[in-house]
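Thank you all for coming. Please take a moment with the sequence and the model before I begin, and then we can go through a few places in it together.

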Amino acid sequence: MKRSILFFIVMASLLFGQWSEVDIYPLSGQITKFYLSDSLNITAVYHGDSSAVIKSSDGGRNWSVVAKTPVVYAGDVSFINKDTFFIGASYPVAVYITINGGLTWTEVPFPPGYGNIYHMQFWDTKFGYALLRARVGTYTALVKTTDGGLNWSVLDSTWIQSTSFKFVSRNEGWLLGVKLRHTTDGGNSFTDIALPAGFQGCSSIDKLSDSIIVLGSKKVIQIPPYFTENAPQVAFSTNGGNTWNYQDFSSSYLRGIPTDFKLLDENTAISFLAGGNGVFFTTDRGQNWSGGQIPQRSYQFLDMHVLDNRVFIAGSGSVFLASGQNIVDPWDLRLECILLEHRGFDANNTGSIVVGTYNPGSYKSKVYISTDRGKKWRTEYFPDEVGMNVEIASDSLVFISSQYQIYKSDISCKVFQPVGPVFSHFIEEIKVAPNGNILVGTFRNLQLSTDGGQTWSIKHSNTTTPYTSINMFADGTGFVVSDGLYKTMDHGVSWTAVSISGFTPKHAGFYDNKNGFIVGKDAKLYRTRNSGGTFEVVNFPGLTSASYIFCFDSLNYFLSGNKPYSTYDGGYSWKENESIIPGAASFHKVHMFDHFDGIAANLGGVPGIWITSNRGNTPVELSAFTAFQFGDKVMLNWTTETETNNMGFEIERRYRHGDWKTIAFSKGSGTSTKRIYYGYDDHEPKAPAILYYRLKQIDYDGRFSYSDEVEVILGEVPENYSINQNYPNPFNPSTKVSFSLPEENEVVIRVFNTM
């Protein structure tokens, strides 16, 4: 017979992710195409992690997501109006139409045998053109439908390789590519148009009348030994193409293919440079051409429209710009969501965070700022291509360095002022000591300023190793890592070497003037409790290599290594955090605002910022859950080691072949770092029975997770199936039949008369 058994389960983790990634730019991606209802109301198709319809009601400054599209990536979009438009995808070819602004979609039949949509242009829900590339071979075909895609006819039957097309009416248009081909009968016939001398094909065309025509093309430039670039070529005619003002820009800084030319008037034409950056325009009938100024020359554009003689343009990085009434006037950058590589990072306990970035080749980069622990972000510009190091001295004083210059601002980061001289060596770290002294570690020396950064003096030097991991404390004690570990007792004025044998320091984190950790170049973790007088190796299960150590206080440390680890009991026990960086194991920087809320950053490589509200560990750590029979009841007991935002536990029970049923609720302890014991007695079940119990832990925000199950056997449960002799026998008119089952099940008993 089976009898009652005690089950004990140790839970390693519960609930949801310990870290969640910060989305600085919700629209980080690209605006593929857009439609202007007027200068304020705009509908666009956006592509980021997915494809979606977005709308703006303030001229492109702020956007909201309306609905996702049915394609992973929108290769092309053709707008009829703000509510009705077609969206196309390739591999395989699929086209959909919406008539309610993207809320619902209907698939449009498309001709088989094609693997890529180069371009679509619909005039209404029935009539449209598309340029397709064949799945086999390199030829393209212009096709046309007049019944919403039910039937398609191939118009360009010569299979000359084309890259795009443009129709100015239902009947008149051009095929663009190796040749320029013109139709005036809806594609039933084409005429080859002679290109200006020097043109290598045609990428764009527009005409204002029969006389004013502008053409764009590219010239391929060889860059030995293996590379090529595209330089713009343009031609402007004022006599219907009889003569051309041709210009080649292969010797200029301009790169890209003139795309989507638009004539604003008889003197002014503009295009954007596909495959390159910026716009390309003339205001004097092609005599002179310009790429404009910043910002319109800074971005990769994908779509452009003209309304009331103003140019609106959008593209990669979800940028959206508008020109003035004259395109030579300053342009208005209304949206930019280009996420740059993170380089510098700092945070303070008031909830302020500043992140410096890297924008190679630019005269400026960005600074990302949050003042609410990473929930909301804004962007300002930093006057250098890289914000390499960040130090938040207070909300009224923030230092950010480039490679060789230090700048200061307040937490708004709206205005930066250079501080002191340009350094001779690469700046590795900035640290403001509690007494106001500023220390800078460079690639060759450690420098100190006592006057807010105006003048500097070298306090230590070496020729081989940068100065990093500067730790400073109120009593004047401090530590820095270079070719060894160095210590100061006078706020950084003088430094002495700490005697270390057996390893070379790589990174250090101290939480007071005596206690701290050192990560060695041997990837081991060492601890000192006497300012570096002695060191002990720190080992715990799972740790194979260490990289960085961050100390919040005497109890809470974070270790970046082969995996991210944290401890909140002074290092007696370490817990593995979930891997917060896709494709990487750990992080470069961590700051805790309190014992639970914190932020982590990865710098360079795979950039990212993550926040936690449970110190990177499991929000509710269930260390034990038991259930056993005691008399006529089942006793349940469970223990939590820590709790964060814990509303309580629903207690659920089921029989072996039954469904789960909630039988009780036990109130949680909210947020706690102490071990807490819980219990519940279940009097309802009757022996014999096999029962299962589980806990549903619920947070105050509604999120929940289940524990593992525990099994309890009530009473004596038979090990085998058996049936006993009936009694009385023989019988008239009734008898009793007893039987035993090792588990709950439906039973059928049949009685046979042997006579």
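I will talk about the nonpolar cores, then one sheet, then the cysteines, and finally a single residue in a loop.

Please keep in mind throughout that what you have in front of you is a predicted model.

Let me begin with the cores, where some general background may help: in soluble globular proteins, nonpolar side chains tend to be buried together. In this model the largest nonpolar core has 31 residues, and the members that touch the most others are Phe 34, Trp 63 and Trp 377. Several strands each supply at least two residues of this core, among them β3, at 30–36, β4, at 42–47, and β5, at 51–56, and also β55, at 598–602. If we look at Trp 63 and leave aside its neighbours within four places in sequence, we find it in contact with residues including Leu 27, Ile 31, Ile 42, Ala 44, Phe 320 and Leu 335, and Lys 55 and Ser 56 are also among its contacts. Apart from this core lies another one, of 20 residues, which includes Val 620, Ile 651, Leu 691 and Leu 695.

Let me turn now to a sheet. Four strands form an open sheet in the order β15-β16-β17-β18, and their pairing is antiparallel. The strands at its edges are β15, residues 162–167, and β18, residues 191–193, each of which pairs on one side only. On average, and ignoring direction, neighbouring strands in this sheet are turned by 25° against each other. Within it, β17, which covers residues 180–183, pairs with β18 in the antiparallel sense over three bridges, and Leu 180 has Ile 193 in β18 as its bridge partner.

Next come the cysteines. How many disulfides does the structure hold? The number is zero. For Cys 337 we can say why: the closest cysteine sulfur, in Cys 413, is 19 Å from its own sulfur, and that is too far for a bond. Cys 337 is buried, since its relative accessible area is 6%, whereas Cys 551 counts as partly exposed because its relative accessibility is 22%.

My last stop is Phe 587, which lies in the loop between β53, at 575–576, and β54, at 589–592. Is this loop residue, Phe 587, buried or exposed? Phe 587 counts as buried, because its relative accessibility is 1%. Along the chain, Phe 587 and Thr 544 are 43 residues apart, and their C-alpha atoms are separated by 16 Å.

Definitions and conventions
Residues are numbered from 1 along each chain as its sequence is written. This is a predicted model: local features need pLDDT of at least 70, side-chain atom pairs count only at pLDDT 80 or more; totals for chains, interfaces and linings use all residues. Side-chain values use heavy atoms; hydrogens and water are left out. Buried means under 20% relative accessible area, exposed over 50%, partly exposed in between (1.4 Å probe, protein chains only). Two strands pair if DSSP finds at least two bridges between them. Axes are lines fitted to C-alpha atoms, for helices over the stretch in contact, and angles run from 0 to 180 degrees between N-to-C directions. A nonpolar core is a set of buried Ala, Val, Leu, Ile, Met, Phe, Trp, Tyr and Cys residues joined through side-chain atoms within 4.5 Å. Contact means heavy atoms within 4.5 Å. A disulfide is a pair of cysteine sulfur atoms within 2.5 Å.
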